[in-house]
Amino acid sequence: MKKQILAAGVAAVGFVFAGMAQAEVPITLNAGVAHWYFSSDRDLSNMNSPWAGLEWAFNDQWATEISFTQDDANNEAYPGTNTEVTLANLGMKYYAGSYIVDPSAGAMRLRPYAVLGAGYFSTDPNRAGGEKNDDTTVNAGLGVRWMLTSRFSASLDGRTVYNVDKSNNDTIAYLGLNYYLGNVNPPPTPAPTACADEDGDGVCDEVDACLGTPPNTRVDATGCPLPVAQVASIKLKVNFAFDSSVVQEQYFTDLGELAKFLKRFDQVDVSIDGYTDSVGADSYNQQLSQRRAQAVVDMLVKTYGIAPSRLKAVGYGESNPVASNDTAEGRAENRRVMASLEVEYSE
């Protein structure tokens, strides 16, 4: 009869709260079997009893619960008789993880929790001369909830129940099924709030250190224009008389310009390349082209103060002609030293 009353109570609670299925946080109906391990001084046999409860989550990790269990335990001191045992609890649960979960979306299925509460405990012997006891208890324990779906789960926890009036301990294990009535959808991620950005550079005005940046200007995290990359380049061409490695005066200005460039970009090295026309033996032309390149390097070092380590003289002989060696004009063009530099910089 008591089990029927308990079942009817669970059904009634479910009927009352079914209309709250759209609550912001879930209301959970809990029911299952409790296994009692009684204190030895009670002279009661361990037993299983039905239990039912109601749980309300008031934020994402904290919930409050009420639970009720009642059944008859056999009296060991008075064989053939039993005692009605009743326990009503009010407590708090703390969940490790979000209260609202969706296992289908890959959320954590196991939800460990801790519980702490107080309650009413009574024993009522069903025998002549038996004395009913009404006591106050406190309880604490650990448990885990296994999410089967976003609304349905199974739970298991163990609790120590301390009798404040009798100063003894019972232990109870709750095995239950849980059904979520409320909103089980995780809260939507709030859309980012648009900030004021007067110049449209993508940096909020409140942190923009350079308001009024012109449109399409690349800026850094503080809203200030990034340095604009620029390219500087210079080319040198020095021609030589036939069979000569003497730099003619008409090229001093060009060499001075190259020296200024190298001083401005003092991390840049340069290769000075020497060439000849096709007149003469290859081996001789190779040496002549090297002397021409070295003559330009020596002038840059001695006259203009460029560090020797930044300059490299390379002779290429009569290779790579820039004009035909079949004419005097073409051969004059090929008797040369060349250098070319291109530097990217920001300002």
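**Group meeting talk: a barrel, an open sheet and two disulfides**

Let me start on the inside. Sorted by class, the lining of the largest cavity has three nonpolar, two polar and four charged residues. Keep in mind that this is a predicted model.

So what is this cavity? A search of the whole structure finds one cavity of 30 Å³ or more. The volume of the largest cavity is about 40 Å³. Which residues line the largest cavity? Here is the list: Trp51, Glu65, Lys93, Tyr113, Ser155, Asp157, Arg159, Tyr174 and Asn178. Now look at where the lining comes from. Strand 7, residues 152-163, and strand 8 each supply at least two residues. Strand 7 gives the largest share of that lining, with three residues.

Next, the barrel. Eight strands close into it. Their order is 1-2-3-4-5-6-7-8, and the pairing is antiparallel. On average, neighbouring strands of this sheet are turned by 25° against each other, direction ignored.

Let me walk through some of the pairs. Strand 2 covers residues 47-57, and strand 3 covers residues 62-74. Seven bridges join strand 2 to strand 3, and the two run antiparallel. If you want a place to look, take Leu54. Its bridge partner in strand 3 is Ile66.

Move on to strand 5 and strand 6. How many bridges hold strand 5 and strand 6 in the antiparallel sense? The count is 14 bridges. Phe121 is a good marker here. Across in strand 6, the bridge partner of Phe121 is Asp135.

Strand 6 also pairs with strand 7. That antiparallel pair has eleven bridges. Find Asn139, and you will see it opposite Val161 in strand 7. The connection from strand 6 to strand 7 is a hairpin through four residues.

Now the largest pocket. It holds about 350 Å³ of space. The lining has 16 residues, and the closest to the pocket centre are Asp41, Arg42, Leu44, Thr123 and Asn133. Two barrel strands come up again here. Strand 5, residues 110-125, and strand 6, residues 133-147, each supply at least two residues of this pocket lining. What is the lining of the largest pocket by class? There are four nonpolar, five polar and seven charged residues.

On to the second sheet. This one is open, with four strands. The order is 9-12-10-11, and the pairing is mixed. Strand 9 and strand 11 sit at the edges, so to speak by definition: each pairs on one side only. The twist averages 20° from one strand to the next.

Here is one pair from the open sheet. Strand 10, residues 270-274, runs parallel to strand 11, and five bridges join them. Start from Val270 and look across. Its bridge partner in strand 11 is Leu311.

Last topic: the disulfides. A disulfide is a covalent bond between the sulfur atoms of two cysteines. How many disulfides does the count give? There are two. With the bonded cysteines numbered in sequence order, the pairing is 1-2, 3-4.

Take Cys195 and Cys204. Their sulfur atoms are 1.9 Å apart, and they form a disulfide. The torsion about this S-S bond is about -85°, so the disulfide of Cys195 and Cys204 is left-handed. Are these cysteines buried or exposed? Cys195 counts as partly exposed, because its relative accessibility is 38%. Cys204 is partly exposed too, with a relative accessible area of 22%.

Then there is Cys210 with Cys224. This disulfide also has an S to S distance of 1.9 Å. What is its handedness? The torsion about the S-S bond is about 80°, so the disulfide of Cys210 and Cys224 is right-handed. Both Cys210 and Cys224 lie in the loop between strand 8, residues 168-180, and strand 9, residues 229-239, so the pair ties together parts that are 14 residues apart in sequence.

One contrast to finish on. Cys210 is partly exposed, at a relative accessible area of 22%. Cys224 has a relative accessibility of 16%. Why does Cys224 count as buried? Because buried means under 20%, and Cys224 is at 16%.

That is the tour. Thanks.

Key
Residues numbered from 1 in each chain as written. Predicted model: local features only at pLDDT ≥ 70, side-chain atom pairs only at ≥ 80, totals over all residues. Heavy atoms only, no water. Pairing = 2+ DSSP bridges. Axes fitted to C-alpha atoms, helices over the stretch in contact; angles between N-to-C directions. Disulfide = S-S within 2.5 Å. Buried < 20%, exposed > 50% of the residue type's maximum accessible area, 1.4 Å probe, protein only. 1 Å grid on protein atoms, 1.4 Å probe; cavity = no way out; pocket = protein on both sides within 12 Å on 5 of 7 lines; lining within 4 Å. Points joined across faces, edges and corners; volume = space filled by probe spheres on them. Nonpolar A, V, L, I, M, F, W, Y, C, P; charged D, E, K, R; others polar.
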